[in-house]
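Trainee: I'd like to learn how to read a structure feature by feature. Could you put one on screen and take me through it?

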Amino acid sequence: MERSKLSVRTLWIAVLLGWVILSATARAGESYRLPPQPLVDIIDAAPTPSVRLSPDREWMLLVEWPSLPPIAELAERELRIAGLRIKPQVDGPSRSRPAVGLSLLRVSDRGQRAITGLPAGARIDNLDWSPDGSWISFTNTVETGNELWVIEVASGAARRLTGAVISLTAREEPAWLPDSQALIVAMVPEGRGAEPAADRVPKGPVVQENLGRKAPARTYQDLLKSPHDEELFEYYLTAQLARVDLAGKVRRLGEPGLLWHFDPSPDGRYLLVETMHRPFSYLVPANRFPLRVEIVDAATGSVVHQVADLALRDEIPIGFGSVSDQPRGFAWRDDAAATLLWQQALDGGDVNADAEDRDRLFMLAAPFEGEAVELATLQLRYAGMQWGDDNLALVSEFWWKTRKMRTWMIKPGSPGTAPQLLFDRSFEDRYSDPGRPLTRPNAAGRDVLWSTDGGKTLYLSGAGASEEGDRPFLDKLDLATKKTTRLFHSTAPYYERPIGLLDEDGRKLLTRRESVDDPPNYFVRDLADGSLAQVTRFPHPTPQLVGIHKEQIRYQRADGVDLTGTLYLPAGYSESDGSLPTLLWAYPQEFKSAAAAGQVTDSPYRFDRVGWWSPLLFLTRGYAVLDDPTLPIIGEGEEEPNDTYVEQLVSGAKAAIDELVRRGVTDPRRVAIGGHSYGAFMTANLLAHSDLFAAGIARSGAYNRTLTPFGFQAEERTVWQAPEVYAAMSPFMHADKVNEPLLMIHGQADNNSGTFPMQSERFYNALKGLGGTARLVMLPHESHGYRARESIMHMLWETSEWLDRYVKNREPASEEEP
């Protein structure tokens, strides 16, 4: 199908039409439906517990999770203000996923320890080991708020420390002090009073004004919209810092404020505290509001030093890697008693500005007097720090436009020492990834670089991407020679990932091991003799899927770019069964290098945890599934990937179908395409610009890119800089060419940047007005990802019905086509 060539004038006409198309009449009386029983059984299967390792690596905390919540839980009152979603009745975030059970498992001998005294109907969040590993803290949410609890590991006994007074609205969880005898928490202020009431009669209009300054911003959801929103924001974000000891004694620290962040120093003497203040913004979320950064005495709450008072950050350029021109990234140095680190842009924060150097790092140590010390100057944008000691830290920098990533060795104790380059690579080149250094908690509970020989060597753990697929590894890196020794490498037919070393000698390695039919479990591997001891024995969560065929396939696009995907066939399938109806589920990705785009992704030996999001559910309905076929969008050199988005997208999809047909597993007339978010955008584009598919499934997508005018996904240009690209990539502009059935599903409370529910509503209205075959399902109270059991079951019912009607049971060509 030939690509449409729209003029800029046509683009703006289409934009206007997008705003005036009349809404279709909704069908009344729809009720939640259940999909076929095999899908119900898989979705209702008990989740596998997750694992949290103690600081001394002796204990595993096994965390049990609930099944899907009911829609009634999502329907409870929710405030959506300043980019936050708050459950006001509990002073905490809405849409959390609390745990419901806990137990302990000793790694060394697999001994189990029950946890006693947990509250009935527990809703457990914010789990955290104490630095010495003898306690576990958590919050428990009740009807009126959040309580603070602790578990004594030696006895397994849980007990409550506070009533329902913990404030979690800023998502700042209780933090242990390094002596493991007390925690710093945010509390609801005493005598706070009633929530501000809204005026039924407005006092005047809501006015925003800009006087010539440039303040571009991507599209955000849930922003402040009125003076009453501002009042609610102040009411629920105002919190009181406090110290709570293990006896439940509370000491309030300082005065209440609009608390955004707090963090105890590694020596426990100070708190890094960030509080917000006016003026607020109606265009950007709370993380860009004015911020006062202070160092506070942890014993009294008195201010020791004001580090910065940051103005509203609504003028940050939109390019990837652009940052505020004010100081940013305040954090403690993990390996020192009380030393603060932050960054300052040297290019005004603008990636488009010419500059020899981009960032400078500063340190200021207690007692926080005098001038800050310059730690390092970076030619690229700061990407992170890993601390070791005075003689070693690793600082990383990156540059988006070139995909460059560099890591340097520096000496924090001697800031004037020249840095040494450790790694220099493209971060989109998975094959060259050296891995990430292992860390371990120090006495203060802060993660520092793990070395067993005084800093001469480090351990690196990585995905091990290769032409054979991902093969996780553990290496030992000699920092003097920069050469590595391989200690462990995952081998077929397993996918085994290093979790961490268990002993000071670096001999015992904890791994997470799985295969196609074996769910992930934890093992202790002896690196000296190769022996393997199983620690956990989690059962297969979905036995209905045992025996499915899984294969990593490789093929080429017409221009020679190598592609991969994972092909699944129903259990018991044989070649004599012939071709099957097929579902492709994909998500495009942008690249600056064709070589990197063609690299093999994932592993053929991984276990698939099938949840509501997974297309593998439809193996039980007789479909073949090609999951995550690579659909790279490449722009090498000065070219931008999206300049040829449609051509590359269609070419990649055609190559996938051709390969499946060549293998004899797919009927080319019975292929569906589906995706979530940017995958939904992809789905609509493939239906508009090709005739490869019988139908499409698009969940929570965006279809009119003029509604995200300051960039989207990896596109940095604005609609005014690249109007032809925005027009060509917007399925809304090509709705007249969508001649295959399209099912659109969207959460009515989607908070993802750019995927406003209006995007699906407008696109459906366009398809309806043009006579297309489409169905729009809006899920009440659901966000970008879906949570309620009723919503998820209904979404799967809609999908199953759509696929069966328009794909599996598609009419023969002679009856359907002229």
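Mentor: Let's begin with a definition: two strands pair if DSSP finds at least two bridges between them. Keep in mind as we go that this is a predicted model. The general idea is that strands of a sheet pair through backbone hydrogen bonds, either parallel or antiparallel.

Trainee: Okay, so how many bridges join β26 to strand β27?

Mentor: There are 6 bridges between β26 and strand β27 (residues 420–426), and the two run antiparallel. To see the register, look at M405, which sits opposite R425 in β27.

Trainee: And what joins strand β25 to β26?

Mentor: Strand β25 (residues 392–399) is joined to β26 by 7 bridges, and these strands run antiparallel. Here V395 has W408 of β26 as its bridge partner. β25 and β26 also make a hairpin, with 4 residues between them, and R403 in the turn has a positive phi of about 65°. Strand β26 itself (residues 404–410) is mostly covered, with 5 of its 7 residues buried.

Trainee: How do I read a whole sheet? Which order do the strands of the open sheet have?

Mentor: The 4 strands of this open sheet go β1-β2-β6-β7, with antiparallel pairing. β1 (50–53) and β7 (112–114) are at the edges with a single partner strand each, so one side of each has no neighbour in the sheet. On average, neighbouring strands of this sheet are turned by 30° against each other, direction ignored. Within the sheet, strand β2 (residues 59–64) and strand β6 (residues 101–106) pair antiparallel over 6 bridges. M60 has L105 in β6 as its bridge partner.

Trainee: Next, burial. Why is strand β39 largely enclosed by the rest of the structure?

Mentor: Count its residues against the burial cut-off, under 20% relative accessible area. In strand β39 (residues 562–569), 7 of the 8 residues are buried, so the rest of the structure largely encloses it. It has strand partners as well: strand β38 (residues 549–556) joins β39 through 8 bridges, antiparallel. β39 also pairs with strand β42 (residues 624–627), again in the antiparallel sense, over 3 bridges. L567 is a handy landmark: E551 stands opposite it, and L567 stands opposite L626 in β42. The hairpin of β38 and β39 has 5 residues between the strands, and G560 there takes a positive phi near 95°.

Trainee: What about a single residue? Is I745 buried or exposed?

Mentor: I745 has 0% relative accessibility, so it counts as buried. Its place is in strand β46 (residues 742–747). Leaving out residues up to four places away in sequence, I745 touches A698, R699, S700, V777, L779, Y786, M795 and T799.

Trainee: Then how do I move from one buried residue to a core?

Mentor: In soluble globular proteins, nonpolar side chains tend to be buried together. In this model, the largest nonpolar core has 58 residues, and L584, Y645, F693 and F763 touch the most other members. Helix α6 (residues 645–662) gives the most to this core, with 9 residues. Pick F763 and skip residues up to four places away in sequence: its contacts are A684, Y703, P731, F732, A735, V738, L742 and M744. There is also a second, separate core of 35 residues, A82, Y270, M276 and L364 among them.

Trainee: Last topic, empty space. What's the volume of the largest pocket?

Mentor: Rolling a probe the size of a water molecule over the atoms shows where empty space is left. The largest pocket comes out at about 1,100 Å³. It is lined by 43 residues, of which L53, D128, P441, G445 and D447 are the closest to its centre. β34 gives the most to that lining, with 4 residues.

Trainee: And how many cavities of 30 Å³ or more does the structure hold?

Mentor: It holds 3 of them. The largest cavity has about 70 Å³ of space. Its lining is V516, D517, H540, T542, L545, I548, F607, D608 and V610.

Methods: Residues numbered from 1 in each chain as written. Predicted model: local features only at pLDDT ≥ 70, side-chain atom pairs only at ≥ 80, totals over all residues. Heavy atoms only, no water. Core = buried A, V, L, I, M, F, W, Y, C linked by side-chain atoms within 4.5 Å. Buried < 20%, exposed > 50% of the residue type's maximum accessible area, 1.4 Å probe, protein only. Contact = heavy atoms within 4.5 Å. Axes fitted to C-alpha atoms, helices over the stretch in contact; angles between N-to-C directions. 1 Å grid on protein atoms, 1.4 Å probe; cavity = no way out; pocket = protein on both sides within 12 Å on 5 of 7 lines; lining within 4 Å. Points joined across faces, edges and corners; volume = space filled by probe spheres on them.
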